[in-house]
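Please open the model in your viewer, switch to a ribbon display and keep the selection tool at hand. The tour below moves from one selection to the next and says what to look for at each stop.

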Amino acid sequence: MRVVLLVTDLQPGGTPLRIARLARGLRAAGDEVHVGCLAAAGDVSQELVSDGVPTFACGARGWWDLVAFSRLAAHLRRIRPTLVHATLFHANVAARLVGRRLGLPVLGSTATIEVERHWHRVVERLTIRWEGGHLVTSRALQQHVVAAFGVAAARVHVIPPSLDPPPHRTERSAARRALGLPSDAFILGWAGRFDPVKRLERLLDFVAASSSDTHALLVGAGPESARIAAARTARGLAARVHLVGWQSNSAAALSAADVFVLPSRTEGLPNALLEALAIGLPVIASELPALRELRADGAPLELVPPESSTAAWLAAWAPLRSDPNLSAARGNAAAAWAAENLRPERTIAALRAVYASVVERTAGV
C-alpha cells in the first residue's frame, strides 16, 4: 500500500514525532510511506529524509493560505497514494477537500479533546462526511469525536498507542550532569510543546510554593517559550526552573527527574507521558478523560483534578519525595506496564487493518 501521512507541521512536537514513528513502522511492515505537512518543512522532515522516508511540504503561511491546497493536490497527484491519513484539524480538513476532489480515500484523526476553538468543531462537523473513517488513540477520544463531530461510532477506530523504539532510561546522576542540574534536588519533569493548554505556569507555581531544593525541568519549546522564560525570570525562579529546549533524546533528559508532572487543561495521550512511564518515572497528571481511561487500563498514574490548588498538587508527590522505596516501586510498575502495553507491533497491525478496510470499502463505492 502507498500511504501519505499528512500533518499540519513537522516541527518537533508530540504529534509530528508520533507521525514519524508511524511512518517508520509502516515502512518496516512493507508499505510505501510519504509524509507531508501543510506548513514549511521542519526538523522532523529532515530526520525522516535521513531515515529514507520521502517528505513534502506545502508551505502554508497560515490557516488562511489556500494556495497550500493546490500544492497539496499537486503532491498527491505526483505520489498517487492508495490512501491519505491526516492528523490534526487543518490537515484533516485539507485532506478531505483535496481527497474528495482527486477521488482518494481519506482517513482523518484526532489527537486531543479540544475545548478552546469552537470553530474547529464546526468545520470538522461540516467536512468529516468526506472521509472514509476517523482514527483516535482512546475510547475517550472516540466518544468526543462521535459527540462533537456528529459521526457514527462505527466509523471512529481506536488505535492503541505505542512507543517505537522503546525509550531507555539514563542513570539519574549522569542525566543531571549532562544537563547541568543539581545532584541533590527534587526535580519535577515535563516535556512537550510549549502551548497554552499545557499550563506551564502551574509548574512555576509548584516550584515557587515548594522548598528551595525543588526544581523543575522543562524539555521542549513552542509558542509559549518566551512567555514562560520571562515569567520564570520575573518570579525569581531562573535558578530552579530549567528550560533546556528540544532534546534529541527526550527520554535521557527526563531521566534526570524524580517525577513527571502534567498539569494540562486538555490532552489526548501525550507521548511525553508515555515515555515517562516507559523509563520508569512516577507520573502525576491532570484528571482528564483519556488519562482516566489509561489508568483504568492499568497504567499506574496518579491523577489530580486540573483546577486543584497548588497545595493539592504538591501533596500528590509528597509521599514519593519522602519515601524512596515507594518512588522506586511506582517507577518499576510504570516501566512494566509500558513494556507490556506500548508495543509498536500492536499499533501498526491495527492501523493497517483499518487502512485495508477503508480502501476496500471505498473501492466498492
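Begin with the open sheet of seven strands, which pair in parallel and follow the order β3-β2-β1-β4-β5-β6-β7. If you select β3 and then β7 (156-158), you are looking at the edges of this sheet, where each strand has a single partner, so that one side of each is left without a neighbour in the sheet. As you turn the view, note that neighbouring strands here are rotated against each other by 25 degrees on average, direction ignored. Keep in mind throughout that this is a predicted model.

Next, select strand β2 (residues 32-37) together with β3, since these two pair in the parallel sense over three bridges. Within this pair, Val35 stands opposite Thr55 of β3. Now add α3 to the selection: this helix packs on the sheet and touches β1 (2-7), β2, β3 and β4 (83-87), while its direction makes about 155 degrees with that of β3.

What lies in the loop between β3 (55-57) and α3 (67-79)? Select Trp64, which has its place there. With a relative accessible area of 47%, Trp64 is partly exposed, because that label covers values between the 20% limit for buried and the 50% limit for exposed. Show Trp63 and Trp119 as well, and you will see the residues that, with Trp64, make a nonpolar surface patch of about 430 Å².

Then move to the other stop of the tour, an open sheet of six strands with parallel pairing in the order β10-β9-β8-β11-β12-β13. Its edges are β10 (241-243) and β13 (301-304), each with a single partner strand, so one side of each has no neighbour in the sheet. On average, neighbouring strands of this sheet are turned by 25 degrees against each other, direction ignored.

Select strand β8 (residues 186-193) and strand β9 (residues 214-221), which pair in the parallel sense over eight bridges. Along this pair, Gly192 has Gly220 of β9 as its bridge partner, and Gly189 has Leu217 of β9. Is β9 largely enclosed or left open? Seven of its eight residues are buried, so β9 is largely enclosed by the rest of the structure.

Finally, select the helices that pack on this sheet, including α8 (residues 201-208), which touches β8, β9, β10 and β11 (259-262) and whose direction makes about 165 degrees with that of β9. Helix α13 (residues 310-322) also packs on the sheet, touching β8, β9, β11, β12 (283-286) and β13, and its direction makes about 170 degrees with that of β12.

Technical notes. Residues are numbered from 1 along each chain as its sequence is written. This is a predicted model: local features need pLDDT of at least 70, side-chain atom pairs count only at pLDDT 80 or more; totals for chains, interfaces and linings use all residues. Side-chain values use heavy atoms; hydrogens and water are left out. Patches are made of residues with over 30% relative accessible area and no salt bridge: like charges are joined within 9 Å, nonpolar side chains (Val, Leu, Ile, Met, Phe, Trp, Tyr) within 5 Å. Accessible areas come from the Shrake-Rupley method with a 1.4 Å probe; for residues, only the protein chains shown count as cover. A salt bridge is a side-chain nitrogen of Lys or Arg within 4 Å of a carboxyl oxygen of Asp or Glu. Helices (H or I, at least four residues) and strands (E, at least two) are DSSP runs, numbered from the N terminus. Buried means under 20% relative accessible area, exposed over 50%, partly exposed in between (1.4 Å probe, protein chains only). Two strands pair if DSSP finds at least two bridges between them. Axes are lines fitted to C-alpha atoms, for helices over the stretch in contact, and angles run from 0 to 180 degrees between N-to-C directions. Contact means heavy atoms within 4.5 Å.
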